[in-house]
Amino acid sequence: MDGGIIPMWQPLCLSGLLGFVVAASLLGLTRRFRSIVQPWVVRRVQSDLPLILQIQRWQHRYFDIFFSVISCLVSVPFYTGFIPILFWSGHSKLARQVALLMAFCDYIGNAIKDAISAPRPSCPPVRRVTATEDEKENAMEYGLPSSHALNTVCLAGYLLHYALTTYGHEMDGFRVLIGFSLVFLLVSLIGLGRIYLGMHSFIDVAAGITMGLVVLAFWLIVHDHIDNFLTSGQNVTSFSAGLSFVLLFAYPTPEAPTPSFEYHTAFIGVAFGLVSGIQQTYLLFHSEGIPRIFSPELSILVFCGRLLAGIPTILIVKFCSKALSKWLLPVICNTLGIPIRSSCYIPALKESDSSKNKSDNKQIGYLQRAVSFLPHKTYDVDTGIRFLQYAGLGWSVSDLVPHLFTRLSLS
């Protein structure tokens, strides 16, 4: 479990990632990569316009609703409900693997999106359907690859793998074929839906599916090692905190600001919160011996009671974590002399020329010298607030709420 001697590979891993971040920044790797790949992608997106318009000729109100609904299957609200349900239904190993896999997919997909900064299909002539607020924010991101296609391949593929490895002895060849057919159908509908809704071109979807297959194949190789590390490794929480910090700085800077970095920060925060909670309560609530839904120890009635108690609790924790972070982080940053700004959470910290001059003329004290290695620029405190807010959400799912279940005799 957590604590003890720090394995040598952990500082080497973090040092290597940090060195890559510094080297990429000095050499302008993102800019060089973008200058090579972006023009080709833009040409492909433009050449796909006739195909998109041909598909949209079948426009119908019911198609709009259908494809908008299935697009929600890999949206942030879906994960907010789906992952806690997996944890509280007794499928803890599946839940933590899905959570970490989706965080990994989100980081890979959004990082490539912002690194390339290729536009979505032009609207007009393409008709773009954004039925939900979540879709309106998605439309503000860059195009390639399609995150929906990538995430669907990984999520559906991993769920199928879990079903085959866990219940495969009870399944004949026909049921296995049905499983693969359902995954293929879902991925196809999601891909077609992203094109029909005007959110992506064919090259975006094809790139998303291809990257999803690569990520899924990689994850199936390493997932058991990752799970063993999370449940019985040393220094897990500290390493996860350091890795989260480095990944925030490793994220590429897009040509123009997009919500992609915010999504990445939220997913990384949830993953860190889940890991820290599992480390504290693995033997109590997350081992393989815990009761699962439909068993005599965990009936449907008890599971519904868990949902009624758990969902409001994690939302309250998320709200409280955000409020506490909005108060605490500016105090810590000001104490350390780290110049900060806020893009939306704290209006008083919105950057202005006068605030820049004021921070430049500040006298440097002892604590400020301790963090003088940081680049001399203002940092968006909203990133830290968002990370801690979702870390609190993840921790409550895996630690606080299971303790609450015990108190309410729902365990």
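Student: Which residues does UniProt list for "transmembrane region"?
Tutor: This is a predicted model. For "transmembrane region", the unreviewed UniProt entry lists residues 6-29, 65-88, 148-164, 176-196, 202-222, 229-251, 263-285 and 297-317.

Student: How much of residues 263-285 is helix, and how much is strand?
Tutor: Residues 263-285 are 100% helix and 0% strand, with end C-alpha atoms 28 Å apart. For residues 297-317, the values are 86% helix and 0% strand, and the end C-alpha atoms are 28 Å apart.

Student: Turning to the interior, how many residues does the largest nonpolar core have?
Tutor: The largest nonpolar core has 47 residues. Those with the most contacts inside it are F87, V98, L101, M102 and C154.

Student: Which elements give two or more residues to this core?
Tutor: They are α5 (76-88), α6 (92-116), α8 (147-167), α10 (202-232), α11 (236-250), α12 (260-286), α13 (300-336) and α16 (381-407). The largest share, nine residues, comes from α6.

Student: And what does C154 touch?
Tutor: Leaving aside residues up to four places away in sequence, C154 touches L101, M102, C105, G212, V215 and L216. There is also a second, separate core of 14 residues, and I70, V129, A149 and M199 are among them.

Student: Since cysteines have come up, how many disulfides are there?
Tutor: The count comes to zero disulfides.

Student: Why is there no bond from C123 to the closest cysteine sulfur?
Tutor: The closest cysteine sulfur, in C72, is 19 Å from the sulfur of C123, so it is too far for a bond. C123 counts as partly exposed, at 42% relative accessibility. C333, by contrast, is buried, with a relative accessible area of 13%.

Student: What kind of peptide bond joins C123 and P124?
Tutor: A cis peptide bond joins them, with omega about -10°. P124 is found in the loop between α6 and α7 (133-138). The bond from L144 to P145 is also cis, with omega near 0°, and P145 lies in the loop between α7 and α8. Most peptide bonds are trans.

Student: What about phi, say for S117 and N235?
Tutor: Phi is positive in both, near 55° for S117 and near 60° for N235. Most residues other than glycine have a negative phi. S117 is in the loop between α6 and α7, and N235 is in the loop between α10 and α11. S117 counts as buried at 2% relative accessibility, and N235 is buried with a relative accessible area of 13%.

Student: Changing topic, how many aromatic pairs are there?
Tutor: The count comes to 17 aromatic pairs. One of them is F104 with F218, a tilted pair at 5.9 Å centre to centre with 35° between the planes.

Student: Which parts does that pair tie together?
Tutor: F104 lies in helix α6 and F218 in helix α10, so the pair ties together parts that are 114 residues apart in sequence. F104 is partly exposed at 27% relative accessibility, and F218 is partly exposed with a relative accessible area of 42%.

Student: Which residues form one aromatic cluster?
Tutor: F63, F66, F67 and Y196 form one aromatic cluster. Elsewhere, R61 lies over the face of Y62, at 4.8 Å from the ring centre.

Student: Is R386 buried or exposed?
Tutor: R386, which lies in helix α16, is buried, with a relative accessible area of 8%. Its contacts, not counting residues up to four places away in sequence, are E262, T265, A266, C344 and Y345. R386 and I268 are 118 residues apart in sequence and 10.0 Å apart in space, C-alpha to C-alpha.

Key
Residues are numbered from 1 along each chain as its sequence is written. This is a predicted model: local features need pLDDT of at least 70, side-chain atom pairs count only at pLDDT 80 or more; totals for chains, interfaces and linings use all residues. Side-chain values use heavy atoms; hydrogens and water are left out. A nonpolar core is a set of buried Ala, Val, Leu, Ile, Met, Phe, Trp, Tyr and Cys residues joined through side-chain atoms within 4.5 Å. Buried means under 20% relative accessible area, exposed over 50%, partly exposed in between (1.4 Å probe, protein chains only). Helices (H or I, at least four residues) and strands (E, at least two) are DSSP runs, numbered from the N terminus. Contact means heavy atoms within 4.5 Å. A disulfide is a pair of cysteine sulfur atoms within 2.5 Å. Rings of Phe, Tyr and Trp (its six-membered ring) pair if their centres lie within 6.5 Å; planes under 30 degrees apart count as stacked, over 60 as edge-to-face and the rest as tilted. A charge sits over a ring if NZ of Lys or CZ of Arg is within 6 Å of the ring centre and within 35 degrees of the ring normal. UniProt positions are given in the numbering used here, feature names are shortened, and annotations may be inferred rather than shown by experiment.
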